[in-house]
Amino acid sequence: MFGVGCLKFLAMLKYLVILFLLVNLVSTAAVDGFSQEYTHAHCEMHIAPELDELDPRRIHGQIHMKQSARGGPVDVLVNLTGFDVTSQERNHAFHIHVYGDLSDGCKNLGRSYDNADEDKTDIEHLGTTGNFGNITRDDTGSVVTSFTNNRITLKGRHSVFGRSIVVHALPYTDGSKGSAGIHIACCVIGRSE
């Protein structure tokens, strides 16, 4: 009833429909997974062990970071407690340091992280990549805040995984050049789900 050409056409059409369905299924799954997929990081903050036992600062808590699989800004959620409520100082410098070496407490973390240090292309703005500015404790000695950062990444060669986050005793000011006081708490940034 059908000619050979018509049968060949129907077979080819059947093959194309199956191919279309498979490609559509795979691409839909990839797009859906891609748009919903994030890279997550976690940092478990601990008090600097080098602080005196009588020091009222007993900072601990978590920092979570999330970045879309497509890249873009990193969302940062900070939930810390244990700040000294008797201190006049409510603001504390808060930023990423180059190393994640906690073998000697919070002492071996290097300077503030900046991916321009690696490239040697933006010497004028050293220390700006990982500088989150200041966090401000409330009357209970806690910091609960969130922000978005466009300078750091959880992907590629400039990823902050394995680096540290430090809370300093004093606030950061534009001209402080590393004089934000001692490290009073720190953690290492790790990958999480």
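The exercises below work through the strands, disulfides, aromatic rings and selected residues of one chain.

This is a predicted model, in which local features need pLDDT of at least 70 and side-chain atom pairs count only at pLDDT 80 or more, while totals for chains, interfaces and linings use all residues. Residues are numbered from 1 along each chain as its sequence is written, and side-chain values use heavy atoms, with hydrogens and water left out.

**Exercise 1. The chain as a whole**

Task: State how many helices and strands the chain has, and in what order the elements run.

Solution:
- Step 1. Use the rule for elements: helices (H or I, at least four residues) and strands (E, at least two) are DSSP runs, numbered from the N terminus.
- Step 2. Under this rule the chain has two helices and nine strands.
- Step 3. Starting at the N terminus, the order of elements is α-β-β-β-β-α-β-β-β-β-β.
- Step 4. Of the 193 residues in the chain, 37% are buried; buried means under 20% relative accessible area, exposed over 50%, and partly exposed in between (1.4 Å probe, protein chains only).
- Step 5. Take contact to mean heavy atoms within 4.5 Å. Among the contacts in the chain with a separation of 6 or more, 66% are between residues 24 or more positions apart.

**Exercise 2. Strand β8 and its partners**

Task: Find which strands pair with β8, and in which sense.

Solution:
- Step 1. Two strands pair if DSSP finds at least two bridges between them.
- Step 2. Strand β1 (residues 38-47) is joined to β8 by two bridges, and the two run antiparallel. His-46 has Cys-186 in β8 as its bridge partner.
- Step 3. Strand β7 (residues 164-168) also pairs with β8 in the antiparallel sense, here over five bridges. Opposite Ser-164 stands Val-188 in β8.
- Step 4. As for cover, five of the six residues of β8 (residues 183-188) are buried.

**Exercise 3. The disulfides**

Task: List the disulfides and say which parts of the chain each one ties together.

Solution:
- Step 1. A disulfide is a covalent bond between the sulfur atoms of two cysteines. Here the test is a pair of cysteine sulfur atoms within 2.5 Å.
- Step 2. The structure holds two disulfides.
- Step 3. In one of them, the sulfur atoms of Cys-43 and Cys-187 are 1.9 Å apart, and the link is right-handed, with 110 degrees about the S-S bond. Cys-43 belongs to strand β1 and Cys-187 to strand β8, so this pair ties together parts 144 residues apart in sequence. Both Cys-43 and Cys-187 are buried.
- Step 4. Cys-106 and Cys-186 also form a disulfide, with their sulfur atoms 2.0 Å apart; this link is left-handed, with -85 degrees about the S-S bond. Cys-106 is in the loop between β4 and α2 (115-119) and Cys-186 is in strand β8, so the pair ties together parts 80 residues apart in sequence. Both Cys-106 and Cys-186 are buried.
- Step 5. Counting bonded cysteines along the chain, the pattern is 1-4, 2-3.

**Exercise 4. Aromatic rings**

Task: Count the aromatic pairs and classify the pair of Phe-94 and Phe-132.

Solution:
- Step 1. Rings of Phe, Tyr and Trp (its six-membered ring) pair if their centres lie within 6.5 Å; planes under 30 degrees apart count as stacked, over 60 as edge-to-face and the rest as tilted.
- Step 2. This rule gives two aromatic pairs.
- Step 3. The ring centres of Phe-94 and Phe-132 are 5.6 Å apart and their planes stand at 40 degrees, so the pair is tilted.
- Step 4. The pair links distant parts of the chain, with Phe-94 in strand β4 (residues 91-97) and Phe-132 in strand β5 (residues 131-136), 38 residues apart.
- Step 5. Phe-94 is buried at a relative accessible area of 0%, and Phe-132 counts as buried at 12%.
- Step 6. Ring pairs join Phe-94, Phe-132 and Phe-147 into a cluster.

**Exercise 5. Two serines**

Task: Decide whether Ser-68 and Ser-146 are buried or exposed, and name their contacts.

Solution:
- Step 1. Ser-68 is in strand β2 (residues 60-68). Ser-68 is buried because its relative accessible area is 19%.
- Step 2. Not counting residues up to four places away in sequence, Ser-68 touches Glu-37, Tyr-38 and Lys-155.
- Step 3. Ser-146 is in strand β6 (residues 143-149). Ser-146 counts as exposed because its relative accessibility is 52%.
- Step 4. With neighbours within four places in sequence left aside, Ser-146 is in contact with Val-76 and Leu-77.
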